[in-house]
Amino acid sequence: MDMLGGRSPSDFLRDYWQKKPLVIHQAFPGFTCPVDADELAGLSCEEGVESRIVIENDGGKPWQLHNGPFSEERFSLLPEQDWTLLVQGLDHWVPEIADLLEHFRFVPNWRLDDIMASYAPTGGSVGPHYDQYDVFLLQAQGRRRWTFGGHCDQNSPRVEGTPLRILSTWQGEETVTLEPGDMLYLPPGTGHHGVAEDDCITLSIGFRTPTIDDLLTGFTDYLCSRSDAANHLNDPDLQVQDNPGTIAPGVIDRLQAVLAEKLEDKRSLALWFGQYATTPKSLDVVVPAAEPISNDEFATAARSGGQLRWNEGSRFAYHEEGDETALFADGEPFLLKGDARPLAPLLCAGARIDMSALAGFTDDPALLGLLTTLHNQGSVYFE
Ligand code: SIN
Ligand code: CO
């Protein structure tokens with residue numbers, strides 16, 4: 001399959017990623033959508049599934065947003081056309097959708113957000129807007145006409161009277177109609193507007209990065225959770241001041257030195273970031289195994305041909321530094337040393353674990369224990 005239209009992943013990353021849009025006709029030839037509109041509607045009625053309905057003209061009000069979960073009756077109250085149902089995290093609930101992610105492993109696991117599905121009857125759209133994410137918009141069913149192009153930001157004029165950030169004067173630069181299997185890549189900040197030409201399902205494979213706010217609050221919260229965070233600064237060298245009101249420059253130097261020492265602790269930063277970046281989006285999906293298994297039971301299942309795979313909502317990543325490798329699974333860190341270190345890249349390479357390579361690790365009781373822990377915490381299961 002030629003999902004980048006004849007480009008290698010490296011060429012795509014160099015020429016398009018975070019730079020400019022790309023239309024790829026028949027990225028997934030013969031694609032058939034693993035879910036239909038009724039299944040999406042069903043999911044949007046479930047607690048724990050994040051869903052929204054956007055209506056272009058809702059009793060005279062523009063672009064109104066309704067948050068799920070919905071009742072079945074909600075759907076009979078919708079207009080004939082010009083609305084959209086959005087279901088977030090579809091990869092968490094539908095294994096065939098999660099499998100699509102294996103085609104996108106040229107982007108690091110930690111960059112993945114999720115796969116969102118939209119269903120719209122003719123004319124349905126979520127309005128002209130831009131996102132902060134990199135997104136691959138895969139046309140899964142029906143046809144959608146996309147207009148896209150031009151950089152937008154928080155200063156771009158917006159429609160009043162709607163909770164959504166709908167662009168009011170943006171025009172777009174290109175228009176293309178996508179059919180099942182076609183895909184549009186958009187970098188963050190690119191204006192876009194996709195209108196359903198008929199009953200239409202689009203899958204958004206989204207990739208995120210943290211904001212500076214996420215980094216600062218996340219890392220400082222992590223540092224503050226450690227025991228030395230309760231220590232007070234000291235000043236045994238305090239001098240008499242001319243004015244007691246002065247906060248002397250030396251005090252600020254001292255504060256800066258203390259904070260810099262914490263922020264420059266690279267090992268802590270890596271440990272926090274791995275945990276942060278692999279924390280599951282939905283705690284309703286990654287749940288401890290209903291029946292925890294023993295190390296022996298894990299070893300038997302692995303040896304007797306069982307295929308181990310990530311939970312659909314699980315996130316795996318690892319970081320190698322010095323003489324240790326930190327493996328992160330669903331926000332939990334596991335430190336590996338020596339011969340155990342190659343287990344991390346093996347577990348992180350893709351959703352289905354290479355079982356013959358894994359066999360080399362299951363004889364070590366500590367690693368067998370780690371694998372059993374991953375199973376029992378709900379991060380992996382035998383298919
Ligand atoms: C949609 O699928 O209708 C919206 C996806 C997007 O514009 O990000
Ligand atoms: Co968008």
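Q: Which residue places a polar side-chain atom 2.7 Å from an oxygen atom of ligand 1?
A: A word on the ground rules: this is a predicted model, where local features need pLDDT of at least 70 and side-chain atom pairs count only at pLDDT 80 or more, while totals for chains, interfaces and linings use all residues. Residues are numbered from 1 along each chain as its sequence is written, chains are lettered from A and ligands numbered from 1 in the order in which they are written, and side-chain values use heavy atoms, with hydrogens and water left out. The 2.7 Å pair is a polar contact (two N or O atoms within 3.5 Å). The residue that supplies its side-chain atom is Ser118.

Q: How far is an oxygen atom of ligand 1 from an N or O atom in the side chain of His129?
A: Asp131 also has a polar side-chain atom by an oxygen atom of the ligand, at 3.3 Å. For His129, the distance from its side-chain N or O atom to a ligand oxygen is 3.1 Å.

Q: What share of the area that ligand 1 exposes when taken alone does the protein bury?
A: The shell around the ligand (residues with a heavy atom within 4 Å) includes Met116, Val126, Leu137, Arg144 and Trp146. Ser118, His129 and Asp131, which make the polar contacts, belong to the shell too. Taken alone, the ligand exposes 260 Å² (Shrake-Rupley method, 1.4 Å probe), and the protein buries a share of 95%.

Q: Which strands each supply at least two residues of the shell around ligand 1?
A: By class, the shell has four nonpolar, five polar and two charged residues. Strands here are DSSP runs of at least two residues, and helices are runs of at least four, numbered from the N terminus. Those that supply at least two shell residues each are S5 (112-120), S7 (144-151) and S11 (200-207).

Q: What is the volume of the largest pocket?
A: Ligand 1 takes the space of this pocket; a molecule sits in a pocket if more than half of its atoms lie within 2 Å of the grid points. A pocket is an open set on a 1 Å grid over the protein atoms alone, with protein on both sides within 12 Å along at least five of seven lines, and lining residues have an atom within 4 Å of a point. A volume is the space filled by probe spheres set on the points, and for the largest pocket it is about 770 Å³.

Q: Which strand gives the largest share of the lining of the largest pocket?
A: The lining divides into 12 nonpolar, 11 polar and eight charged residues. Strands that each supply at least two of them include S2 (51-58), S4 (83-87), S6 (134-141) and S10 (190-196). The largest share, four residues, comes from S5.

Q: Which helix gives the most residues to the lining of the second largest pocket?
A: This pocket has a volume of about 420 Å³. Of its 14 lining residues, the closest to the centre are Asp228, Ala229, Val258, Leu259 and Lys262. Helices H6 (212-224) and H7 (249-263) each give two or more residues, and the most, five, come from H7.

Q: What is the volume of the largest cavity?
A: A cavity is a set of points where a 1.4 Å probe fits but cannot get out, and the structure holds two of 30 Å³ or more. Leu101, Arg105, Trp310, Ser314 and Arg315 lie nearest the centre of the largest one, among 13 lining residues. Its volume is about 100 Å³.

Q: Which peptide bond is cis, with omega near 0 degrees?
A: Most peptide bonds are trans. The proline of this cis bond, Pro69, is in the loop between strand S3 (61-67) and helix H3 (72-76). The cis bond runs from Gly68 to Pro69.

Notes. Polar contact = N/O pair within 3.5 Å; in protein donor to acceptor, adjacent residues only side chain to side chain. Nonpolar A, V, L, I, M, F, W, Y, C, P; charged D, E, K, R; others polar.
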